[in-house]
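Please study the structure shown below before attempting the exercises. Each task is followed by a worked solution.

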Amino acid sequence: MPKFKMPPPHGGRLVERVVEKRDVAEKMAAGAIEYELKPTTDPKGVPIRHVYREIISVCYGFFSPVEGSMTSGDLERVLKERRLENEWVFPYPILFDISDEDLKALNVSEGDRLLLKLKGQPFAIMDVEEIYKIDPKDVATRTFGTPENNPEVVRQPFDEKHPGWMIYRCMHPNVIAGKWTIINPPKFREPYDRFWFPPRKCREVIKNEKKWRTVIAHQTRNVPHTGHEMLMKCAAYTGDIEPCHGILVNAIIGAKRKGDYPNEAILEGHEAVNKYGYIKPSRHMVTFTLWDMRYGNPIESLLHGIIRQNMGCTHHMFGRDHAAVGEYYDKFATQILWSEGIPSFGFEAPPNEVDYGLKIIPQNMAEFWYCPICGEIAYSENCGHTDAKQKFSGSFLRGMVAEGVMPPKVVMRPEVYKAIVKWWKVFNYPFVNNKYLEYINKELEIDLEPMEIPKA
């Protein structure tokens, strides 16, 4: 068997741009131009993205080697080749966009320093390197691709029904580029605080506490059903790794849509899988990353690989329709990328086989389903009863939960259901609704300590 070891951070080093010392932070922010961070909203005024999440993920190293809002050169290189100007692979534009009115009011220039505020408190500083214009619709379209330009995997044009396309489409036409530095470290609220493992800490836990030499990442934005559980077990214990020492569940926490499960239920639902012994706690760890998901299938998988490599994972499992919504991409687009490459997106070979690419190793997985003849979860075509297969249906499970009916334990563990019910009682509804949206958009996942910045 091959010998595996923790891969280096993407780009060779972890980006860590967080100032812990209050006196140093105050000096850095003194005299800076103040700006209160605002969410990106759709045409109906609903928040669909908030840049503070990107600031946190950049400054704590999840997105290494990115250090801030991209310059026009980095943006163009990412859209053309999925690379930064320093050659390292990176899939998405990371942009600090601002309206014409706010830009005029700020009267900011290259070389200035911005003090970015959140919830009325100082949060981060930004050293302005460049100010430039974008066409949001062009950025949105080029980010995800088109059937004409990317015929290998794009099946239909992106439009307003795609949440990731809408995030870029709804951005303002001005971008301020520059590095971010957090000067007021966020305090995560319960239960997020239990699952907050930024890359430096995560790598230390994996190496020194867990003592895992091989770690496979499980991407999630949902509460787990037994199909997810089987995916984790089979990817970790019957795949190429044979067996993997640990499974790192990494939930993407960000803007919510009606009908989603609450973030809190997602995290505690996954925690229940190890807490109640369905996977040994010594081999299973739940974490999260702040990111307003773009649902970019193969493009999203690149970011997921970068995040989890930076967190210390050696492998990443990729299933059918990874990080997808609708039928914009081929259902196996992510697996095509990681097994063959997608030349039109800049990959003549898989992302872990190109120069300045990723070091994390893909574990492509087939489909899990319930076999009523066998009375258990089946993988791929292994049991031979394909005519009787019953696929896992998230909408069916949601329907049962909405009626207050505990799903059969063969498809959802009762302890996972109880985690849903716990937060149902808190928010008076099991899924995201207007009340939850108002709550999460006001409270966010974090609090900030009061901080006085001296005037210059």
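The exercises that follow concern a predicted model.

**Exercise 1. Determine whether His218 is buried or exposed, and name the residues it touches.**

Solution.
Step 1. Locate the residue: His218 belongs to strand E10, which covers residues 215–220.
Step 2. Consider its accessibility. The relative accessible area of His218 is 3%. Buried means under 20%, so His218 is buried.
Step 3. List its contacts, leaving aside residues up to four places away in sequence: His218 touches His228, Leu231, Met232, Ile247, Leu248, Val249, Asn250, His270 and Met317.

**Exercise 2. Describe the interface of domain 1 and domain 2.**

Solution.
Step 1. Identify the two parts. Domain 1 comprises 22–134 + 171–184, and domain 2 comprises 192–441.
Step 2. State their separation: the centres of the two domains, taken over C-alpha atoms, lie 29 Å apart.
Step 3. Count the residues in contact. Domain 1 contributes 24 residues and domain 2 contributes 31 residues.
Step 4. Give the buried area, which is about 2500 Å², with 67% coming from carbon and sulfur atoms. Of the area that domain 1 buries against domain 2, Arg53, Phe62 and Tyr92 supply 32%, more than any other three residues.
Step 5. Turn to the polar interactions. The interface holds 2 salt bridges and 11 residue pairs in polar contact.
Step 6. Classify the residues on the side of domain 1 that touches domain 2: 12 are nonpolar, 5 polar and 7 charged.

**Exercise 3. Explain which parts of the chain the salt bridge between Glu445 and Arg53 ties together.**

Solution.
Step 1. Note the distance: the closest N and O atoms of Glu445 and Arg53 are 3.0 Å apart.
Step 2. Place both residues. Glu445 lies in the loop between helix H14 and strand E18, whereas Arg53 lies in helix H2; the pair therefore ties together parts that are 392 residues apart in sequence.
Step 3. Examine accessibility. Glu445 is buried at 0% relative accessible area, and Arg53 is buried at 4%.

**Exercise 4. Examine the salt bridge between Glu67 and Arg13, and state whether each residue is buried or partly exposed.**

Solution.
Step 1. The closest N and O atoms of this pair are 3.4 Å apart.
Step 2. Glu67 lies in the loop between H2 and strand E4, and Arg13 in the segment before helix H1, so the bridge joins parts 54 residues apart in sequence.
Step 3. Glu67 counts as buried at 17% relative accessibility, while Arg13 is partly exposed at 48%.

Note on methods
Residues numbered from 1 in each chain as written. Predicted model: local features only at pLDDT ≥ 70, side-chain atom pairs only at ≥ 80, totals over all residues. Heavy atoms only, no water. Helix = DSSP H or I, 4+ residues; strand = E, 2+ residues; numbered from the N terminus. Buried < 20%, exposed > 50% of the residue type's maximum accessible area, 1.4 Å probe, protein only. Contact = heavy atoms within 4.5 Å. Domains from an automatic or database assignment. Buried area = accessible area lost by both parts, 1.4 Å probe. Salt bridge = Lys/Arg side-chain N within 4 Å of Asp/Glu carboxyl O. Polar contact = N/O pair within 3.5 Å; in protein donor to acceptor, adjacent residues only side chain to side chain. Nonpolar A, V, L, I, M, F, W, Y, C, P; charged D, E, K, R; others polar.
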